[in-house]
Protein chains: 2
Amino acid sequence: MARITGSNGERTAAAIRRAALRLIHRHGFAAMNLRELAAGVGIQPGSLYNHITTKQGLLFDLMQEHMTTLLAETDAALAAAGPALIDRLRGFIAHHVLYHLERKQEVYIANFELRALDPPNAACILAMRRAYEDRLIALLEEGVAEGTLAMSDVRVTAYAMLAMLTGVCTWYRPGGRLGRAEIVALHVDLALDGIRRR
Amino acid sequence: MARITGSNGERTAAAIRRAALRLIHRHGFAAMNLRELAAGVGIQPGSLYNHITTKQGLLFDLMQEHMTTLLAETDAALAAAGPALIDRLRGFIAHHVLYHLERKQEVYIANFELRALDPPNAACILAMRRAYEDRLIALLEEGVAEGTLAMSDVRVTAYAMLAMLTGVCTWYRPGGRLGRAEIVALHVDLALDGIRRR
DNA sequence: GTCTATAAACTGATAGAC
DNA sequence: GTCTATCAGTTTATAGAC
């Protein structure tokens, strides 16, 4: 039988995660204090501890949730793409850009607050990031092997592509000159033009 | 007549800047405390204030010095390149990558600690960053106008190029698989391949 | 210019009533 | 689950002796 009381707890927990993403993205993890976070949720500072273990644990949970979602959605996008390598590569790039446009906060935090994690937590997130990078590296190697792609150094190219595609996070603002679909299309071309064999 | 006493002050000030760059790069500005900074320099915390105004003022000085140097060196690299657009563009890219390889700490701080600056200070640094971006945008527009370059959107392309070229900071380690000259050459090609008309 | 000492405010986290 | 109250430690910054 479903619980009726206590349902407020999950709404509060979700509100904490939402407010934390906003504040960490804006001020950085170290500069965000728990009083400010509690005020953003509309509860008292002490009440936070009904939903989080520590400030550090909160950051880790946010990052882990983000990386898990990113990996799962990426694999879904790859599975949904056509079987040809170029289609899967387009699928990867388009998904990466769209995901990064829609979840700027999570992406920014996962990329730049790794140093705020305790070493064991950082190792866990880093392993997930490596797994993500390996998805792209595998695609590039496949393209080189079959002869449709050409590049001097697969690993450097993969890092350069990811840096370029992630860069949209730093300047994109909803309601700007370009729509999301346009930005995605521009970046698919930018990323592919340099590596397609011709 | 040159002062003889007090010459230790400038050495201390330089040591503070050096230690601050290292600590901010490693832990972030908010997470760096002045006790740790003083210990890194080998003085007591209170003595820092003979050389800095506030912690905020220290960050601003570091960023301003970095941006001034970047702009000056970039203009020197452009002036030293051949008159042809493609040579100036190569010069810009090669200088950008090499500078970012050699001054990882400054670059990282200037890019990711902007949110730690007070609004007036942030506006000042942001204006210098815009001036830097405009150097590249002007080159791309010149290339499109003369017909040697082709791209769908100059501004998006410029941001994408800068993000890609700056990305080396996040993974480059001295003594790694690739030397600096190789990394520079790889990125010049990666950045140009997508925009040269063919 | 550096030191010691300390002010004044802020921080993450806990205890116990409701 | 939320509240009030508070602990214990840390933070930036200052004052005054040497």
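This section describes the protein surroundings of DNA strands C and D in a predicted model.

Around DNA strand D there are 15 residues, of which Thr12(A), Gln44(A), Asn50(A), His51(A) and Arg35(B) come nearest. By class, the surface near DNA strand D comprises four nonpolar, nine polar and two charged residues. Helix 1 (7-27) of chain A and helix 2 (34-41) of chain B each contribute at least two residues to this surface. Of the atoms of DNA strand D that lie within 4 Å of the protein, 57% are sugar or phosphate atoms, and the rest belong to bases.

Phosphate oxygens of DNA strand D are approached from both chains. In chain A, a polar side-chain atom of Ser47(A) is 3.2 Å from a phosphate oxygen of the strand. In chain B, a polar side-chain atom of Asn33(B) lies 2.9 Å from a phosphate oxygen, and a polar backbone atom of Met32(B) is found at 3.4 Å from one.

DNA strand C likewise has 15 residues around it, with Tyr49(A), Thr12(B), Gln44(B), Asn50(B) and His51(B) coming nearest. Sugar and phosphate make up 57% of the atoms of DNA strand C within 4 Å of the protein. The surface near this strand contains four nonpolar, nine polar and two charged residues. At least two of its residues come from each of helix 2 (34-41) of chain A and helix 1 (7-27) of chain B.

Contacts to phosphate oxygens of DNA strand C include a side-chain N or O atom of Tyr49(A) at 2.8 Å and a side-chain N or O atom of Thr12(B) at 2.8 Å. For Lys55(A), a backbone N or O atom lies 3.0 Å from a phosphate oxygen of the strand.

Definitions and conventions
Residues are numbered from 1 along each chain as its sequence is written. Chains are lettered from A and ligands numbered from 1 in the order in which they are written. This is a predicted model: local features need pLDDT of at least 70, side-chain atom pairs count only at pLDDT 80 or more; totals for chains, interfaces and linings use all residues. Side-chain values use heavy atoms; hydrogens and water are left out. A residue is near a molecule or strand if one of its heavy atoms lies within 4 Å of it. A polar contact is a pair of N or O atoms within 3.5 Å; within protein, one must be able to donate a hydrogen and the other to accept it, and residues adjacent in sequence count only if both atoms are side-chain atoms. Helices (H or I, at least four residues) and strands (E, at least two) are DSSP runs, numbered from the N terminus. Ala, Val, Leu, Ile, Met, Phe, Trp, Tyr, Cys and Pro count as nonpolar, Asp, Glu, Lys and Arg as charged, and the others, Gly among them, as polar.
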